[in-house]
Amino acid sequence: MAPHGDIDLAKAYHHVTVSMREHTEKVMVKLTAPHTGKGDTAPLDIVVVLDISGSMRGTKLEHMKHAMTRFIIEKLGIRGDRLAIITFESKAHKVFDLSSMLPDQVKKAVAVVEGLKAGGDTNIKAGLEAGLDVLKTRRGHSHNASCIFLMSDGHENVDKARTLLDRVGEHSVVTFGFGEKSDEQLLYDIAYHSHAGTYHHVREKEDENQLMKAFAFLAIYRSISMLDLKVTVSAHKEAAGAIIRGVDPCRYRVDGPHGDGSFTVHFGDLAREESRRILVDVQLPQVQHEQKDKPVIHVKYEYSSPKKVKVTNTLDIKMNRVQNPGQAAMNPNVSRELARRAQVEHLRKVMDLANKKNLGAAKDEVERARNALNSITHDTDDAVDSLFNELDNIEEFLETYDIYNKLGRSYLLACISSHERQRYAERGGAAPVDLYLTQRMNKYLDQAHKVHKNPKTKI
């Protein structure tokens, strides 16, 4: 069982030798964004939508200002990045129009953020709608990566943002629930319905600015090396009778089956070193004679580079068909991915039980999830440790319903969002969960730690 294909971009994991009989095989296709050189990443258009309602007064507002300045504004500008800032309370206000972040604009943006004052109600709908309108009107920057960062600390008490869920699908909307009273379900749903957004839970601590860690997620969008990645999976033309029964890329759009039986997955933009995994079920027909290196699946992947070059490449997945293949163990990469996806279903059950205040049954479900992971304890990949740590954190948040209501539900939603997108999310637990971290993310998180210790640290 070995990977095939481009060492940098596309690999497939599966049984290499399989039976001649008709049966279905599980294959994992993994796409990884190229590690481009320094500066060879896409410029970014980012709209930051900030809650400045009355509940943000005091330490929260100061933490938000510091995180915005150090980990958003001061990080932009090197390659033609553009920033817009929307604030909202009872109404939304475009306080900084979409502008290229040249040095004079950086200073203006910092001054705008420093001058913000909190007050009023919480109209998330107005803020999100204004942010979507900014991205809708941008012109001549189709090769820029783009996203919305939406941060809120409360429940909406003016209008209803859910009426915008059908509009967010064209954009990546990354949401941040700040503190124990944010509307975590709404913020999760906004990210879920967007093109590739994730939901982040940000703990509120008087003595530590957790928003800096959360906004360090900008590292992903500042290192985009694949724009608009599309992956089409089909039965190979040489594999007569083979049928693609299904593809599962987690929470990404899938078109198909097309007329030729193929499926197309739309992943959007990937940061360098980020990976996306697709599980493919292929039905193989019975064959009369043994076959060696027989192509069974054809994968085509297309994307634009930061230099506006259209790239198309292919991967042919081959298998040996023999009469007696024996009992081969599943490829560990496939086993690990199946275990991770199974854990997501356990997390959904935990949340459903805890929402009904059945904490005992929720804890039992956590234990079932832990027992399921025991089947891959021989796997030395760091991802396995993160999966166990995830369960340890959840168990702590199930001690009482009050703890769960304040912290546990948000933590679970951030976990689920991260797994669905195969992308890092800030969660707020004690034990580290490092799934999907990239080198630049690690760098930004380390900088956040240093700035916490010394706010004047240069980054």
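Mentor: Buried means under 20% relative accessible area, exposed over 50% and partly exposed in between, for a 1.4 Å probe and protein chains only. This is a predicted model, in which local features need pLDDT of at least 70 and side-chain atom pairs pLDDT 80 or more, while totals for chains, interfaces and linings use all residues. Residues are numbered from 1 along each chain as its sequence is written, and side-chain values use heavy atoms, without hydrogens and water.

Trainee: Is Tyr401 buried, exposed or partly exposed?
Mentor: The relative accessible area of Tyr401 is 25%. That value lies between the limits of 20% and 50%, so Tyr401 is partly exposed.

Trainee: How is the ring pair of Tyr401 and Tyr404 classed?
Mentor: Rings of Phe, Tyr and Trp (its six-membered ring) pair if their centres lie within 6.5 Å; planes under 30 degrees apart are stacked, over 60 edge-to-face and the rest tilted. Tyr404, at 0% relative accessibility, is buried. The two ring centres are 6.0 Å apart and the planes stand at 40 degrees, so the pair of Tyr401 and Tyr404 is tilted.

Trainee: How many residues apart in sequence are the parts that the pair of Phe149 and Phe217 ties together?
Mentor: Phe149 and Phe217 form a tilted pair, 6.4 Å centre to centre with 35 degrees between the planes. Phe149 is buried at 1% relative accessibility, and Phe217 is likewise buried at 1%. Phe149 belongs to strand β7 and Phe217 to the loop between α5 and α6 (strands, E, have at least two residues and helices, H or I, at least four, as DSSP runs numbered from the N terminus). The separation of these parts is therefore 68 residues.
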